[in-house]
Amino acid sequence: MRGAEGGGMALWRGLRCCRRAFAWLPVLLIALLLLWSYYGYVCELCLVAYLVVFHILFVLFVWTYWKSVFTLPIQPGKKFHMSYADQERYENEERPEVQRQILAEIARKLPVYTRTGSGGIRFCDRCQLIKPDRCHHCSVCAMCVLKMDHHCPWVNNCIGFSNYKFFLLFLAYSLLYCLYIAATVFKYFIKYWTGELTNGRSKFHILFLLFVAIMFFVSLMFLFGYHCWLVSRNRSTLEAFSAPVFQNGPDKNGFNLGFVKNLQQVFGEEKKLWLLPIASSQGDGHFFPMRALSEARNPLLTNEEQWEEDGLDEEPQGSGEASSLAIERET
């Protein structure tokens with residue numbers, strides 16, 4: 001029996017290692033395409049007149065991609081984790097209503113304002129912690145990630161509070177990189193099409209540089225545009241599909257503070273750092289200003305655009321009288 005169990009554990013570990021190795025294939029693919037584009041543009045075509053701008057975009061592309069891949073997601077701080085005494089008390093309690101009371105007591109000491117769909121405390125039974133606002137459990141990374149946006153296979157990393165700015169800059173600079181290559185190679189593609197080019201190797205690189213650049217430019221344009229819209233509304237990808245729930249019910253604009261302040265949430269207040277892959281986002285990822293609190297302090301804070309959006313996006317609010325707390329278990 002022990003031998004069979006040991007063999008099963010070894011097989012499971014082997015499969016897990018294989019999965020982790022395969023997860024790096026998209027990153028390896030992008031790295032190879034990037035190196036090939038550099039070789040084809042600089043070494044084969046030798047477009048000297050365009051090399052300065054090309055190298056600037058190349059460096060920014062590599063820098064932002066590196067930061068997106070290797071900036072580790074941030075987990076909630078210790079104060080959101082259950083203490084050993086609370087964990088033991090919670091696990092030994094069999095009555096669900098008492099378990100809810102235990103979670104409610106712990107949550108009162110924390111800056112937590114979002115709830116589950118049923119109005120309960122957001123609790124992760126895998127990480128044994130009270131989830132901060134906008135925090136979600138990533139099943140791929142096997143951890144709770146602050147302000148989780150999504151898990152991106154192209155960077156083999158979870159996009160969240162720590163690297164969302166780097167991810168946006170990566171999309172922007174890769175978009176400009178592809179556009180620049182396509183624009184500068186296009187006239188040589190015309191020469192290839194009309195038969196003016198005789199170098200066979202140059203023909204190959206011109207054709208595939210243009211094709212790959214246009215293909216990635218189109219796909220990146222839609223993805224970058226979508227994330228620009230999310231930033232303007234101060235939403236994550238998860239919140240765009242499922243509105244965050246507050247004590248008064250779901251509100252997709254709960255964190256919308258206005259266009260300028262929404263930008264500052266991601267890029268910071270120092271505009272000179274906005275275009276550089278340097279951490280400058282506001283806060284520490286555990287608490288985020290909410291529109292409801294801002295309006296309570298200053299009813300004139302919201303502009304006309306927010307009022308119009310409220311009229312278009314208004315959703316039926318759930319009853320605020322439901323005081324029962326539920327335990328959230330997310331995958």
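**Exercise 1. Overall make-up**

What share of the contacts in the protein with a separation of 6 or more comes from residues 24 or more positions apart? Describe the fold in numbers as well.

Solution. The model is a predicted one. Residues 24 or more positions apart account for 65% of the contacts with a separation of 6 or more. The secondary structure consists of eleven helices and eight strands. Of the 331 residues, 44% are buried. The accessible surface is about 18800 Å², and carbon and sulfur atoms hold 63% of that area.

**Exercise 2. The annotated transmembrane regions**

Find where UniProt places the feature "transmembrane region", and examine residues 166–186 and 206–226 in the model.

Solution. Step one is the record: the unreviewed UniProt entry lists the feature at residues 21–41, 47–66, 166–186 and 206–226. Step two is the geometry. Residues 166–186 are 100% helix and 0% strand, with end C-alpha atoms 30 Å apart. For residues 206–226 the end C-alpha atoms also lie 30 Å apart, and the span is again 100% helix with 0% strand.

Step three takes a single residue, I214, which is found in helix α7 (residues 200–233). Its C-alpha atom is 6.8 Å from that of C178, although 36 residues separate the two along the chain. I214 is partly exposed because its relative accessible area of 40% falls between the cut-offs of 20% and 50%.

**Exercise 3. A nonpolar surface patch**

Which residues form the nonpolar patch on the surface, and how much accessible area do they have together? Assign the patch to helices.

Solution. The patch consists of F22, L25, L28, L32 and L35, with about 530 Å² of accessible area together. Helix α2 (residues 25–45) gives the most, with four residues. F22 is in helix α1 (residues 2–23). With a relative accessible area of 57%, F22 is exposed, since exposed means over 50%. For the α2 members, one general point helps: an α-helix has 3.6 residues a turn, so residues three or four places apart point the same way.

**Exercise 4. Helix α5: length and packing**

Test whether the end-to-end distance of helix α5 (residues 96–107) agrees or disagrees with the expected span, then state what its buried residues pack against.

Solution. Helix α5 has twelve residues, and at 1.5 Å a residue these should span 16 Å. The expected span uses one less than the number of residues. The end C-alpha atoms are 16 Å apart, so the two values agree. Next come the buried positions: V98, Q99, I102, L103, A104, I106 and A107. The buried residues of α5 pack against α4 (84–92), β1 (123–124) and β2 (129–130).

**Exercise 5. Two residues with positive phi**

What is the phi of Q128, and what is the phi of R134? Place both residues and decide whether each is buried or exposed.

Solution. Start from the general expectation: most residues other than glycine have a negative phi. Q128 is not a glycine, yet has a positive phi of about 55°. R134, also a residue other than glycine, has a positive phi near 70°.

As to location, Q128 lies in the loop between β1 and β2, and R134 in the loop between β2 and β3 (136–138).

For burial the cut-off is under 20% relative accessible area. Q128 has 16% and is therefore buried; R134 has 3% and is likewise buried. Finally, the surroundings of Q128: leaving aside neighbours within four places in sequence, Q128 is in contact with H81, M82, Q87, E91 and F123.

Definitions and conventions
Residues numbered from 1 in each chain as written. Predicted model: local features only at pLDDT ≥ 70, side-chain atom pairs only at ≥ 80, totals over all residues. Heavy atoms only, no water. UniProt positions renumbered as here; feature names shortened; annotations may be inferred. Helix = DSSP H or I, 4+ residues; strand = E, 2+ residues; numbered from the N terminus. Patch = residues over 30% accessible without salt bridge, like charges linked within 9 Å, V, L, I, M, F, W, Y side chains within 5 Å. Areas by Shrake-Rupley, 256 points an atom, 1.4 Å probe, with all protein chains shown as cover. Salt bridge = Lys/Arg side-chain N within 4 Å of Asp/Glu carboxyl O. Buried < 20%, exposed > 50% of the residue type's maximum accessible area, 1.4 Å probe, protein only. Contact = heavy atoms within 4.5 Å.
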